[in-house]
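Subject: Structure handover

Hi,

Here is the structure I promised to pass on to you. Please open it alongside this email, and my notes follow below.

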Amino acid sequence: MKKNRIPMEGMQANVLRLSMDANFFFERAVSSLDRNRYDKALKYFRKAVEYEPGNPVNHCNMAGILSEMGDYEASNAVLSAILRDIDPSLTECYFYMANNYANMEQFEAAEEALITYLQEDEGGQFLAEAEEMLDLLQYELERPAKLKRIKAREGMIEHELARELLEEGKFTQAVKLLEEIVEQHPDFLAARNNLALGYYYLGLFPQAMEAINGVLERDAGNLHGLCNLAIFLQREGHAAELDRLRGLLRAVVPFHQEHLFKLATTMGILGEHEAAYTHFRRLLKDHEVNRDPVLYHYTAAAACNTGRYPAARALWRQLSKLDPGSGIASFYLNRLDDDELQGQYPSISYHYNLPFEEQLKHPEKWENGFPPEIRDNPLIRASFFWALRHGDHRTKLQVIQALGMIADREVEEALLAFLLVPEENVYLKDIAVLVLRSIGVKAPVPVWKDGTTIMVDPSKIGSGLPVWRSEWQAVVDLAIKRIGKSSDLRLQHDIETLWVDFLTRLYPDIPAMAHIEGWAAALDYLTAKMHRKALTYEEVAKRYGISASTASRYARRMNQVCKVQDNGKEKADTFPFVQ
């Protein structure tokens, strides 16, 4: 029987042509994945890459399969190739690489890749996962991550850092960072509010007002902005504007915890203690914050300031249980028990620290600097920076010397800025230079004097003499060393100035300096007398290991030239540098 044969052309008509392109192999790969055939899926993804080598998605798929198969190194090699050769903007590759490194327990490399992802990725597709992984890496590495910013949350990391700097009292650093954030993100109102506070703490009131107006121009009802404005108006004495704003703030009833706390503290600072007490009592009913010692002190302060003494006592007793080591509760409880006050208690500050005058009672114990509770207290630091700009001459002098005991980068920057203020007193600038020397500044610093900026080397005495010999420097160095590091900086300044005056009057006929102890003792003795300090020749001689007659001889010689004393009476008015 003859078989029927299908005509060739008919066969061709019934054959389905397969389109062998990247999509074909992609679909085959996905189908293989559904059947958990990773080897075949990898094979098909590789074919897809061959057909479309410039398509980064195919490469990512191949890297994903390699990772699923446990070949993390090969997966990262593919991901690196994508970033290097195909699409450097595909920042999620860093996130995938971080996962691979973590699986290989290469935690340092994982952290580096993850930080790169967070700092470069704009979309934030894996933001939550990345932050969770970062927490795990911190645990494995036993240290915080070196992350500076998250691009998907542009400005948020920097802003949080700036807030921490403000809370630590590092106002200059905080202001610099906040200025950068506001410049890049003009509508970031929280940053503008904190920038205004930073300016305020530094005593830069015009800048503070400008910053807060920038907030309210963008959001007239911004509660933080209105509260900050009220405090600024109170400080500047704008009574009419402040009264109008008080009325507005009295009518506000916030629902958010953060807003309620801000309004409560603001009303307390403004002297609206009844409103402050009401708001703080509301906060104490919030289970999320009612274990916060600070809140108990604020509420107790408001209670005391409104005459609710039993309530204040109960709140401070609760505080003593929550924070027994601070001494704040016991201080105010003792004040309530003070029979001499008999209920006439002074207004209680809403700041969570002992009154400044209480902390400064024993400065003689601070030869090695302020204790941390004073040095690191942002409110005390703010008061120093404030007084440096707005205090009288005596206050500024005290503050400059106090800053020398804090001696950190923030102090250095504040004093450097002070040296450039045209209207500041030259004597105070000289003391500031001495402080900079004492905290280790060695490079020349710019100082505004006589209508121009000059460079002053803190390590050298500005004598104005054509030469300055090492033995002359040795005399003044010895005197300053023997009077002690903790001495009044005015003594150091006047020792240097007296010595320069003595040498200048004699120049060029300056006697030999073979006996530096004698000249140093004379400087020490005469400067002490100028400052009306009790010091005998016997005492100063013992300090320098010489005889009293030697100390007396050198002191008389110096006095003959400079006329510091006349018949045993100080003539401080002959020395313009004595304050």
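To start with a question: is Arg-505 buried, partly exposed or exposed? Please keep in mind while looking that this is a predicted model. Arg-505 has a relative accessible area of 48%, so it counts as partly exposed; the cut-off for exposed is over 50%. Its side chain meets that of Asp-501 in a salt bridge, at 2.8 Å from N to O. Both residues belong to helix 27, which covers residues 489–506, and they sit 4 residues apart, about one turn of the helix.

Now the overall picture. The chain has 30 helices and 4 strands. Of its 579 residues, 45% are buried. Among the contacts with a separation of 6 or more, 55% are between residues 24 or more positions apart.

Next, the salt bridges. Side chains of opposite charge can pair when their charged atoms come close. The count for this model comes to 20 salt bridges. Besides the pair in helix 27, two more caught my eye, and each of them links distant parts of the chain.

The first is between Glu-111 and Arg-143, whose side chains meet at 2.8 Å, N to O. Glu-111 is in helix 7 (residues 107–120), while Arg-143 is in the loop between helix 8 (127–141) and helix 9 (156–167), which puts the two 32 residues apart. Glu-111 has 5% relative accessibility and therefore counts as buried. Arg-143, with a relative accessible area of 23%, is partly exposed, because the limit for buried is under 20%.

The second joins Lys-396 to Glu-424, with the closest N and O atoms 2.8 Å apart. Here the partners are separated by 28 residues: Lys-396 lies in helix 23 (residues 393–406), and Glu-424 lies in the loop between helix 24 (409–418) and helix 25 (426–438). Both Lys-396 and Glu-424 are buried.

There is also a network of salt bridges to look at, which links Lys-176, Arg-409, Glu-412 and Glu-413.

On to helix packing. Two packed helices are described by the angle between their axes and the distance between the axes. I have two pairs for you.

Take helix 15 (residues 257–269) and helix 16 (residues 273–284). Their axes come within 8 Å and cross at roughly 150°. Angles over 145 degrees count as roughly antiparallel, so helix 15 is roughly antiparallel to helix 16. The crossing of these two helices is left-handed. On the helix 15 side, the contact includes Leu-260, Phe-261, Leu-263 and Met-267, and on the helix 16 side it includes Ala-276, His-279, Phe-280 and Leu-283. The residues of this contact divide into 9 nonpolar, 5 polar and 1 charged.

The other pair is helix 6 (residues 92–103) with helix 8. The axes of helix 6 and helix 8 come within 11 Å and cross at roughly 35°, and this crossing is left-handed. Phe-95, Ala-98 and Asn-99 of helix 6 make the contact with Glu-129, Ala-130 and Met-133 of helix 8. By type, these residues divide into 4 nonpolar, 1 polar and 1 charged.

That is what I have for now. Enjoy browsing the model, and do write back with any thoughts.

Best wishes

Conventions:
Residues numbered from 1 in each chain as written. Predicted model: local features only at pLDDT ≥ 70, side-chain atom pairs only at ≥ 80, totals over all residues. Heavy atoms only, no water. Axes fitted to C-alpha atoms, helices over the stretch in contact; angles between N-to-C directions. Parallel < 35°, antiparallel > 145°, perpendicular 65-115°, else oblique. Left-handed = near helix turned anticlockwise from the far one by under 90°. Contact = heavy atoms within 4.5 Å. Nonpolar A, V, L, I, M, F, W, Y, C, P; charged D, E, K, R; others polar. Salt bridge = Lys/Arg side-chain N within 4 Å of Asp/Glu carboxyl O. Buried < 20%, exposed > 50% of the residue type's maximum accessible area, 1.4 Å probe, protein only.
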